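Work through the exercises below with the sequence and the structure open. Try each task before reading its solution.

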Amino acid sequence: MVAPFDNSINTPSTNLSDHTGEGVIVDIGTGDGSYVYQSARRNPNKFYIGIDPNTGPLEKISEKIHRKPARGGAPNVLFIQSAIEDLPEELNGVANEVHVHFPWGSLLRAVATGDVALLQNLRRICAADGLLEVVIGIDPVRDKAELERLGVQPLTLDVVDSVIGPNYAAAGFEIIERRVLAASEWGALETSWAKRLQGNEQRSITYLIARAT
């Protein structure tokens, strides 16, 4: 049976790789590290790496992971300060899964426009057949100025197929799933941003899974 992602939001697709219960999971733009921490606690045989250029929100959880497991520690977690433009070479080829949840700034531009150069940085850290999960949340009214600055257009499934998909392919990824999430499904995403954004019916959530080719 095909196993779901650690934060799976639907019945596992037959397109997902068959997980063994082990592997390296990388969360880009990890924010306060909540997704990494909660997932690592549930899956002690996997190793989780959270990456973000801003380490301020990670201070509390960084202290927590060094405790004994019985007191909330997570020895299978590592946090790294880095932007998508400068991912450490030591990560090359190590990630069985890469997650990008509710990105902003250059990370949003990378995954929402299919910026080939930046996507190639994500591809560089993927192992063979590694999976990339992307969850993008856009409010076309509240986020209008930033979206215009980044050159991000509304993410319809037609845009994903005709515009973004070819760019992902050029960067070494094949999009194998894409859909728009219902608001009722957000609760399965264990990120602080997912909880904050719940209730905003104007925000569209686009969900992508791509495989490294």
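**Exercise 1.** Which pattern of helices and strands does the protein follow, read along the sequence?

*Solution.* This is a predicted model, in which local features need pLDDT of at least 70, side-chain atom pairs count only at pLDDT 80 or more, and totals for chains, interfaces and linings use all residues. Residues are numbered from 1 along each chain as its sequence is written, and side-chain values use heavy atoms, with hydrogens and water left out.

Step 1: take helices (H or I, at least four residues) and strands (E, at least two) as DSSP runs, numbered from the N terminus.
Step 2: read along the sequence, which gives β-α-β-α-β-β-α-α-β-α-α-β-α-β.
Step 3: check the totals, which are seven helices and seven strands.

**Exercise 2.** Find the residues with the most contacts inside the largest nonpolar core.

*Solution.* Step 1: buried means under 20% relative accessible area, exposed over 50%, and partly exposed in between (1.4 Å probe, protein chains only). Buried residues make up 50% of the 213 residues.
Step 2: a nonpolar core is a set of buried Ala, Val, Leu, Ile, Met, Phe, Trp, Tyr and Cys residues joined through side-chain atoms within 4.5 Å.
Step 3: the largest such core has 38 residues, and Ile28, Val98, Leu122, Leu132 and Tyr168 have the most contacts inside it.
Step 4: another core, of twelve residues, lies apart from it and includes Ile25 and Tyr48.

**Exercise 3.** Compare the expected span of helix H6 with the distance between its end C-alpha atoms.

*Solution.* Step 1: the expected span is 1.5 Å times one less than the number of residues.
Step 2: H6 covers residues 157–171, so its 15 residues should span 21 Å.
Step 3: the end C-alpha atoms are 19 Å apart, which agrees.
Step 4: look for a bend, the angle between axes fitted to the seven residues ending at a residue and the seven starting there. H6 bends by about 45 degrees at Ile164, and Pro166 follows within four residues.
Step 5: list the buried residues of H6, among them Val160, Ile164 and Tyr168.
Step 6: just after H6, Gly172 takes a positive phi of about 100 degrees.

**Exercise 4.** Is Ser204 buried, partly exposed or exposed?

*Solution.* Step 1: locate Ser204 in strand S7.
Step 2: its relative accessible area is 31%, so Ser204 is partly exposed.
Step 3: contact means heavy atoms within 4.5 Å. Leaving aside neighbours within four places in sequence, Ser204 is in contact with Ile136, Gly137, Ile138 and Val180.
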